[in-house]
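The following exercises concern the arrangement of strands and helices in a single protein chain. Each task is followed by a solution in steps.

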Amino acid sequence: MTDRTIPADGIGMHLYTMRDVLAQDYPGTLKRLAGIGYRTVGVSGRFEHSAAEIRGFADDAGLAIVLEHVGYARLSDDWAGALADVRTLGGQWAVVPSIPSELHSVEGFKTAAAAFVEAGKAARDAGLKLLFHNHGHDFDEADGRVLYDILLDVDPELLGFELDLYWAVDGGHDPAKLFQEHPGRFPALHVKDMAADGSWEDVGAGKLDFGAMFAHAESGGVEQYLVEHDKPTDAWQSAERSYRGLTELRY
(Lines give C-alpha, C1' and ligand atoms only; values in the text may rest on other atoms or scores of the structure.)
Protein backbone atom coordinates (compact mmCIF):
# COMPACT_ATOMS: atom_id res chain seq x y z
CA MET A 1 0.00 0.00 0.00
CA THR A 2 1.22 3.50 -0.82
CA ASP A 3 -0.14 6.99 -0.22
CA ARG A 4 -1.83 7.10 -3.63
CA THR A 5 -5.31 8.57 -3.75
CA ILE A 6 -7.97 8.73 -6.44
CA PRO A 7 -7.77 12.00 -8.38
CA ALA A 8 -10.59 14.32 -7.30
CA ASP A 9 -11.80 14.82 -10.87
CA GLY A 10 -12.15 11.06 -11.26
CA ILE A 11 -14.66 10.63 -8.42
CA GLY A 12 -18.23 10.53 -9.68
CA MET A 13 -21.69 9.23 -8.96
CA HIS A 14 -23.62 6.88 -11.18
CA LEU A 15 -27.06 8.43 -10.96
CA TYR A 16 -28.97 5.16 -10.72
CA THR A 17 -28.09 5.38 -7.02
CA MET A 18 -30.01 8.66 -6.76
CA ARG A 19 -33.04 7.72 -8.87
CA ASP A 20 -35.67 8.38 -6.21
CA VAL A 21 -34.47 11.89 -5.41
CA LEU A 22 -33.74 12.66 -9.06
CA ALA A 23 -37.38 11.95 -9.89
CA GLN A 24 -38.36 14.66 -7.41
CA ASP A 25 -35.70 17.28 -8.13
CA TYR A 26 -33.11 16.60 -10.83
CA PRO A 27 -31.26 19.94 -10.77
CA GLY A 28 -31.30 20.15 -6.98
CA THR A 29 -29.92 16.62 -6.70
CA LEU A 30 -26.98 17.44 -8.96
CA LYS A 31 -26.19 20.58 -6.99
CA ARG A 32 -26.22 18.67 -3.74
CA LEU A 33 -23.93 15.97 -5.15
CA ALA A 34 -21.51 18.67 -6.22
CA GLY A 35 -21.72 20.08 -2.69
CA ILE A 36 -20.63 16.72 -1.29
CA GLY A 37 -17.58 16.85 -3.54
CA TYR A 38 -18.46 14.73 -6.56
CA ARG A 39 -17.00 16.08 -9.80
CA THR A 40 -18.64 13.84 -12.39
CA VAL A 41 -21.80 11.81 -12.99
CA GLY A 42 -22.98 8.95 -15.16
CA VAL A 43 -26.53 9.38 -16.39
CA SER A 44 -29.03 6.55 -15.95
CA GLY A 45 -32.60 7.65 -16.55
CA ARG A 46 -33.80 11.02 -17.82
CA PHE A 47 -37.01 11.38 -15.76
CA GLU A 48 -38.76 13.16 -18.64
CA HIS A 49 -35.95 15.67 -19.09
CA SER A 50 -34.21 16.10 -22.43
CA ALA A 51 -30.50 15.55 -22.87
CA ALA A 52 -30.08 19.31 -23.32
CA GLU A 53 -31.95 20.03 -20.07
CA ILE A 54 -29.84 17.55 -18.11
CA ARG A 55 -26.67 19.03 -19.59
CA GLY A 56 -27.87 22.43 -18.38
CA PHE A 57 -28.56 21.09 -14.88
CA ALA A 58 -25.07 19.56 -14.74
CA ASP A 59 -23.40 22.72 -16.02
CA ASP A 60 -25.22 24.79 -13.41
CA ALA A 61 -24.07 22.38 -10.70
CA GLY A 62 -20.47 22.38 -11.93
CA LEU A 63 -20.57 18.66 -12.72
CA ALA A 64 -19.24 16.93 -15.82
CA ILE A 65 -21.35 14.18 -17.40
CA VAL A 66 -19.00 11.43 -18.53
CA LEU A 67 -21.40 8.80 -19.85
CA GLU A 68 -24.97 7.68 -20.30
CA HIS A 69 -26.46 4.21 -20.07
CA VAL A 70 -28.26 3.32 -23.28
CA GLY A 71 -30.39 0.17 -23.53
CA TYR A 72 -29.31 -2.68 -25.80
CA ALA A 73 -32.41 -2.24 -27.96
CA ARG A 74 -31.15 1.18 -29.02
CA LEU A 75 -28.33 -0.50 -30.94
CA SER A 76 -30.86 -1.31 -33.64
CA ASP A 77 -33.34 1.47 -32.88
CA ASP A 78 -31.95 4.95 -33.57
CA TRP A 79 -28.41 4.38 -32.35
CA ALA A 80 -27.40 7.56 -34.16
CA GLY A 81 -29.91 9.46 -32.03
CA ALA A 82 -28.59 7.85 -28.87
CA LEU A 83 -25.05 8.90 -29.75
CA ALA A 84 -26.21 12.42 -30.52
CA ASP A 85 -27.77 12.62 -27.07
CA VAL A 86 -24.54 11.47 -25.39
CA ARG A 87 -22.72 14.22 -27.28
CA THR A 88 -25.33 16.74 -26.13
CA LEU A 89 -24.80 15.61 -22.54
CA GLY A 90 -21.08 16.18 -22.98
CA GLY A 91 -20.24 12.53 -22.34
CA GLN A 92 -17.32 10.50 -23.65
CA TRP A 93 -18.93 7.08 -23.48
CA ALA A 94 -22.21 5.43 -24.48
CA VAL A 95 -22.68 2.47 -22.15
CA VAL A 96 -24.87 -0.57 -22.79
CA PRO A 97 -25.86 -1.64 -19.26
CA SER A 98 -26.86 -5.24 -19.97
CA ILE A 99 -27.42 -7.88 -22.62
CA PRO A 100 -30.97 -9.32 -22.85
CA SER A 101 -31.44 -12.58 -20.95
CA GLU A 102 -32.39 -14.45 -24.13
CA LEU A 103 -28.85 -13.83 -25.40
CA HIS A 104 -27.11 -15.35 -22.37
CA SER A 105 -25.41 -18.15 -24.28
CA VAL A 106 -22.26 -18.46 -26.35
CA GLU A 107 -24.15 -17.82 -29.57
CA GLY A 108 -26.09 -14.99 -27.96
CA PHE A 109 -22.94 -13.25 -26.79
CA LYS A 110 -21.44 -13.69 -30.26
CA THR A 111 -24.53 -11.96 -31.63
CA ALA A 112 -24.09 -9.17 -29.11
CA ALA A 113 -20.38 -8.90 -29.93
CA ALA A 114 -21.20 -8.46 -33.62
CA ALA A 115 -23.73 -5.77 -32.75
CA PHE A 116 -21.15 -4.03 -30.56
CA VAL A 117 -18.67 -3.97 -33.44
CA GLU A 118 -21.07 -2.05 -35.65
CA ALA A 119 -22.25 0.20 -32.81
CA GLY A 120 -18.64 0.80 -31.81
CA LYS A 121 -17.76 1.96 -35.32
CA ALA A 122 -20.64 4.44 -35.26
CA ALA A 123 -19.60 5.64 -31.81
CA ARG A 124 -16.02 6.13 -33.00
CA ASP A 125 -17.24 8.09 -36.02
CA ALA A 126 -19.22 10.32 -33.62
CA GLY A 127 -16.15 10.96 -31.49
CA LEU A 128 -17.36 8.68 -28.69
CA LYS A 129 -16.55 5.22 -27.32
CA LEU A 130 -18.91 2.31 -26.71
CA LEU A 131 -18.63 0.57 -23.33
CA PHE A 132 -20.37 -2.45 -21.83
CA HIS A 133 -21.42 -2.65 -18.17
CA ASN A 134 -21.38 -6.11 -16.59
CA HIS A 135 -23.45 -8.03 -14.10
CA GLY A 136 -22.36 -11.18 -12.31
CA HIS A 137 -23.98 -13.59 -14.75
CA ASP A 138 -21.97 -12.15 -17.62
CA PHE A 139 -19.07 -14.19 -16.23
CA ASP A 140 -20.98 -17.46 -16.46
CA GLU A 141 -19.36 -20.33 -18.34
CA ALA A 142 -21.17 -22.03 -21.22
CA ASP A 143 -19.77 -24.64 -23.57
CA GLY A 144 -16.37 -24.19 -21.97
CA ARG A 145 -16.25 -20.42 -22.48
CA VAL A 146 -16.63 -17.51 -20.11
CA LEU A 147 -19.29 -15.37 -21.77
CA TYR A 148 -17.56 -12.09 -20.88
CA ASP A 149 -14.43 -13.28 -22.70
CA ILE A 150 -16.38 -13.24 -25.96
CA LEU A 151 -16.81 -9.49 -25.54
CA LEU A 152 -13.18 -9.01 -24.53
CA ASP A 153 -12.27 -10.47 -27.93
CA VAL A 154 -13.91 -7.50 -29.69
CA ASP A 155 -11.47 -4.96 -31.13
CA PRO A 156 -10.43 -2.68 -28.23
CA GLU A 157 -10.83 0.32 -30.53
CA LEU A 158 -14.53 -0.46 -30.83
CA LEU A 159 -15.52 -1.73 -27.37
CA GLY A 160 -14.38 -0.85 -23.89
CA PHE A 161 -15.87 -1.67 -20.52
CA GLU A 162 -17.44 0.02 -17.54
CA LEU A 163 -16.42 -2.59 -14.98
CA ASP A 164 -18.84 -3.03 -12.10
CA LEU A 165 -16.51 -4.18 -9.34
CA TYR A 166 -19.21 -5.71 -7.15
CA TRP A 167 -20.66 -7.76 -10.00
CA ALA A 168 -17.24 -8.85 -11.23
CA VAL A 169 -16.41 -10.26 -7.79
CA ASP A 170 -19.91 -11.74 -7.54
CA GLY A 171 -19.21 -13.46 -10.86
CA GLY A 172 -16.03 -15.00 -9.47
CA HIS A 173 -13.49 -12.69 -11.11
CA ASP A 174 -10.73 -10.48 -9.74
CA PRO A 175 -10.85 -6.92 -11.15
CA ALA A 176 -7.11 -6.47 -10.56
CA LYS A 177 -6.42 -9.48 -12.77
CA LEU A 178 -8.75 -8.16 -15.46
CA PHE A 179 -6.91 -4.82 -15.41
CA GLN A 180 -3.57 -6.58 -15.83
CA GLU A 181 -4.66 -9.05 -18.48
CA HIS A 182 -6.64 -6.55 -20.57
CA PRO A 183 -4.78 -3.24 -20.31
CA GLY A 184 -6.60 -0.09 -21.24
CA ARG A 185 -10.02 -1.72 -21.62
CA PHE A 186 -11.71 -0.27 -18.52
CA PRO A 187 -11.96 3.54 -18.62
CA ALA A 188 -14.86 3.65 -16.16
CA LEU A 189 -15.75 1.72 -13.01
CA HIS A 190 -18.83 1.22 -10.90
CA VAL A 191 -17.38 1.31 -7.41
CA LYS A 192 -19.88 -0.68 -5.39
CA ASP A 193 -19.07 -2.46 -2.14
CA MET A 194 -20.25 -5.84 -0.89
CA ALA A 195 -21.62 -6.45 2.61
CA ALA A 196 -20.67 -9.53 4.61
CA ASP A 197 -23.94 -11.19 3.58
CA GLY A 198 -23.27 -10.52 -0.11
CA SER A 199 -25.70 -7.61 -0.44
CA TRP A 200 -24.79 -4.07 -1.51
CA GLU A 201 -22.92 -1.74 0.81
CA ASP A 202 -21.59 1.80 0.77
CA VAL A 203 -18.05 2.18 -0.54
CA GLY A 204 -15.52 1.48 2.18
CA ALA A 205 -18.04 -0.10 4.53
CA GLY A 206 -18.00 -3.55 2.96
CA LYS A 207 -15.54 -6.33 2.36
CA LEU A 208 -14.16 -5.61 -1.11
CA ASP A 209 -10.45 -4.81 -1.19
CA PHE A 210 -10.54 -1.75 -3.42
CA GLY A 211 -6.92 -0.92 -2.65
CA ALA A 212 -5.75 -4.20 -4.18
CA MET A 213 -7.91 -3.54 -7.24
CA PHE A 214 -6.93 0.09 -7.71
CA ALA A 215 -3.22 -0.71 -7.46
CA HIS A 216 -3.65 -1.98 -11.03
CA ALA A 217 -6.28 0.51 -12.20
CA GLU A 218 -3.76 2.50 -14.22
CA SER A 219 -2.96 -0.62 -16.23
CA GLY A 220 -6.67 -1.09 -16.82
CA GLY A 221 -6.98 2.42 -18.21
CA VAL A 222 -9.31 3.60 -15.45
CA GLU A 223 -10.27 7.28 -15.66
CA GLN A 224 -13.57 7.44 -13.78
CA TYR A 225 -14.50 5.91 -10.42
CA LEU A 226 -18.30 6.14 -10.30
CA VAL A 227 -19.97 5.32 -6.99
CA GLU A 228 -23.03 3.10 -7.15
CA HIS A 229 -25.37 1.47 -4.66
CA ASP A 230 -28.25 -0.47 -6.19
CA LYS A 231 -30.66 -0.11 -3.29
CA PRO A 232 -29.62 2.43 -0.65
CA THR A 233 -31.85 2.87 2.37
CA ASP A 234 -31.03 6.58 2.36
CA ALA A 235 -29.54 7.79 -0.93
CA TRP A 236 -27.98 10.92 0.56
CA GLN A 237 -26.41 9.12 3.49
CA SER A 238 -25.06 6.54 1.04
CA ALA A 239 -23.70 9.21 -1.32
CA GLU A 240 -21.89 11.00 1.49
CA ARG A 241 -20.53 7.83 3.07
CA SER A 242 -19.30 6.43 -0.25
CA TYR A 243 -17.66 9.72 -1.19
CA ARG A 244 -15.71 9.65 2.07
CA GLY A 245 -14.83 6.02 1.45
CA LEU A 246 -13.28 6.84 -1.92
CA THR A 247 -11.51 10.03 -0.91
CA GLU A 248 -10.02 8.47 2.23
CA LEU A 249 -8.77 5.36 0.42
CA ARG A 250 -5.02 4.89 0.18
CA TYR A 251 -3.59 2.18 -2.02
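**Exercise 1: A pair of strands**

Identify the residue of β2 that stands opposite Met13.

Solution. In this predicted model, Met13 stands opposite Val41 in β2. Next, consider the strands themselves: β1 spans residues 11-14 and β2 spans residues 40-43. The two run parallel and are joined by 3 bridges.

**Exercise 2: The sheet**

Determine in which order the strands close into a barrel, and how they are paired.

Solution. The barrel is closed by 8 strands, in the order β1-β2-β3-β4-β5-β8-β9-β12. Their pairing is parallel. On average, neighbouring strands of this sheet are turned by 30 degrees against each other, direction ignored.

**Exercise 3: A pair of helices**

Classify the packing of helix α2 against helix α11 by angle and by handedness, and describe the contact.

Solution. Begin with the axes: those of α2 (residues 26-36) and α11 (residues 235-247) come within 10 Å and cross at roughly 30 degrees. Angles under 35 degrees count as roughly parallel, so α2 is roughly parallel to α11. The crossing is right-handed. From α2, the contact is made by Thr29, Arg32, Leu33 and Ile36; from α11, by Trp236, Ala239, Glu240 and Tyr243. Sorted by class, the contact comprises 5 nonpolar, 1 polar and 2 charged residues.

**Exercise 4: The annotated span**

State which residues the UniProt domain annotation covers, and describe that span in the model.

Solution. The unreviewed UniProt entry carries the annotation "domain: Xylose isomerase-like TIM barrel" for residues 32-226. In the model, the end C-alpha atoms of residues 32-226 lie 16 Å apart. The span is 38% helix and 20% strand.

Technical notes
Residues numbered from 1 in each chain as written. Predicted model: local features only at pLDDT ≥ 70, side-chain atom pairs only at ≥ 80, totals over all residues. Heavy atoms only, no water. Pairing = 2+ DSSP bridges. Helix = DSSP H or I, 4+ residues; strand = E, 2+ residues; numbered from the N terminus. Axes fitted to C-alpha atoms, helices over the stretch in contact; angles between N-to-C directions. Parallel < 35°, antiparallel > 145°, perpendicular 65-115°, else oblique. Left-handed = near helix turned anticlockwise from the far one by under 90°. Contact = heavy atoms within 4.5 Å. Nonpolar A, V, L, I, M, F, W, Y, C, P; charged D, E, K, R; others polar. UniProt positions renumbered as here; feature names shortened; annotations may be inferred.
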